[in-house]
Amino acid sequence: MERDPALAERCSEFSTDRGLDSGPLKAALWDRRRIRPFIDTGLMWRAETGEPGHDSSRAISHSPDPDRADTMVQSERGEPFRICPQSGGPRATAFEGFERDRETLKYRCTAAAYEFDCAGRAACHGMGGCKAVAYGRVVRNPLRETDRRNFTPTP
């Protein structure tokens with residue numbers, strides 16, 4: 001960006017392989033130039049694969065907010081999903097877009113977004129502190145409050 005400001009002014013997107021995977025770079029591209037970074041995120045939690053009891057058939061996940069008991073988790077590449085309180089299995093979230101004015105990524109309950117029955121829907125919504133309404137649970141990830149390596153304007 002600094003080496004060729006004229007090129008940076010013309011760019012709206014920046015794409016490269018995961019060799020340049022870096023939170024500060026991804027943040028700078030968007031925050032300073034409004035350039036959407038398309039940089040593959042490398043695996044981040046490799047050390048956990050060697051821990052006793054690790055099940056290689058299940059994706060490693062962590063809560064985005066460890067202080068909150070919730071069904072929402074994220075993978076090591078930042079993909080948000082939830083753990084169904086009824087089945088215990090993972091459920092994807094439906095990406096609803098980047099809200100530019102709020103600088104947030106918006107995700108929605110897949111059962112509501114794609115209109116299918118989910119036995120754990122009411123419990124999931126209750127754990128998230130919201131009602132099980134027809135539109136479904138919405139989760140927003142504000143860019144400024146999340147891991148910028150994982151969360152960019154275009155997931």
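Buried means under 20% relative accessible area, exposed means over 50%, and partly exposed lies in between. The exercises below use these cut-offs on a predicted model.

**Exercise 1. Classify Asp31 and Arg148, and state how the two residues are paired.**

Step 1. Asp31 has a relative accessibility of 26%, so Asp31 counts as partly exposed.

Step 2. Arg148 has a relative accessibility of 13%, so Arg148 counts as buried.

Step 3. Asp31 and Arg148 form a salt bridge, and their closest N and O atoms are 3.0 Å apart.

Step 4. Asp31 belongs to helix H2, while Arg148 sits in the segment after strand S8 (138–142), so this pair ties together parts that are 117 residues apart in sequence.

**Exercise 2. Find which residue forms a salt bridge with Arg34, and place both partners.**

Step 1. The partner of Arg34 is Glu103, with the closest N and O atoms 2.6 Å apart.

Step 2. Arg34 is in the loop between H2 and strand S2 (36–39), and Glu103 is in the loop between S6 and S7; the two are 69 residues apart and the pair links distant parts of the chain.

Step 3. Arg34 counts as partly exposed because its relative accessibility is 34%. Glu103 is buried, with a relative accessible area of 12%.

Step 4. Arg34 follows H2 and has a positive phi, near 60 degrees.

**Exercise 3. Decide whether Glu99 and Arg102 are buried or partly exposed, and give the distance of their salt bridge.**

Step 1. Glu99 is at 16% relative accessibility and therefore counts as buried.

Step 2. Arg102 is at 47% relative accessibility and therefore counts as partly exposed.

Step 3. In the salt bridge between Glu99 and Arg102, the closest N and O atoms are 3.8 Å apart. A salt bridge requires a distance within 4 Å, so this pair qualifies.

Step 4. The structure holds 10 salt bridges.

**Exercise 4. Describe the surroundings of Asp21.**

Step 1. Asp21 is located in the loop between strand S1 (13–16) and helix H2 (23–33).

Step 2. With a relative accessible area of 15%, Asp21 is buried.

Step 3. Leaving aside residues up to four places away in sequence, Asp21 touches Lys26, Ile39, Asp40, Thr41, Gly42 and Arg149.

Step 4. The side chains of Asp21 and Arg149 are joined by a polar contact of 2.5 Å.

Step 5. A network of salt bridges links Asp21, Lys26 and Arg149. Side chains of opposite charge can pair when their charged atoms come close.

**Exercise 5. Determine which residues of H2 are buried and what covers them.**

Step 1. The buried residues in H2 are Gly23, Lys26, Ala27, Ala28, Leu29 and Trp30.

Step 2. The cover over the buried residues of H2 includes S1, S2 and S6.

Step 3. At the N-terminal end of H2, Ser22 acts as a cap: a side-chain oxygen lies 3.2 Å from the backbone nitrogen of Leu25.

**Exercise 6. Find the aromatic pairs and classify each one.**

Step 1. Searching the whole structure gives two aromatic pairs.

Step 2. Trp30 and Phe98 are 5.5 Å apart centre to centre, with 90 degrees between the planes, and the pair is edge-to-face. Trp30 lies in helix H2 and Phe98 in strand S6 (residues 90–99), so the pair ties together parts 68 residues apart in sequence.

Step 3. Trp30 is buried, with a relative accessible area of 1%. Phe98 is also buried, with a relative accessible area of 15%.

Step 4. Phe95 and Tyr107 form a tilted pair, at 5.3 Å centre to centre and 55 degrees between the planes. Phe95 is in strand S6 and Tyr107 in strand S7 (residues 104–109), 12 residues apart.

Step 5. Phe95 is partly exposed, with a relative accessible area of 37%, whereas Tyr107 is buried, with 5%.

**Exercise 7. List the members of the largest nonpolar core, then the contacts of Phe98.**

Step 1. The largest nonpolar core has six residues: Trp30, Phe98, Leu105, Tyr107, Leu143 and Phe151.

Step 2. Another core lies apart from that one; it has five residues, including Cys84, Cys109, Ala111 and Ala112.

Step 3. Not counting residues up to four places away in sequence, Phe98 touches Trp30, Arg36, Glu103, Thr104, Leu105, Leu143 and Pro153.

Terms used:
Residues are numbered from 1 along each chain as its sequence is written. This is a predicted model: local features need pLDDT of at least 70, side-chain atom pairs count only at pLDDT 80 or more; totals for chains, interfaces and linings use all residues. Side-chain values use heavy atoms; hydrogens and water are left out. Helices (H or I, at least four residues) and strands (E, at least two) are DSSP runs, numbered from the N terminus. Buried means under 20% relative accessible area, exposed over 50%, partly exposed in between (1.4 Å probe, protein chains only). A polar contact is a pair of N or O atoms within 3.5 Å; within protein, one must be able to donate a hydrogen and the other to accept it, and residues adjacent in sequence count only if both atoms are side-chain atoms. Contact means heavy atoms within 4.5 Å. Rings of Phe, Tyr and Trp (its six-membered ring) pair if their centres lie within 6.5 Å; planes under 30 degrees apart count as stacked, over 60 as edge-to-face and the rest as tilted. A nonpolar core is a set of buried Ala, Val, Leu, Ile, Met, Phe, Trp, Tyr and Cys residues joined through side-chain atoms within 4.5 Å. A salt bridge is a side-chain nitrogen of Lys or Arg within 4 Å of a carboxyl oxygen of Asp or Glu.
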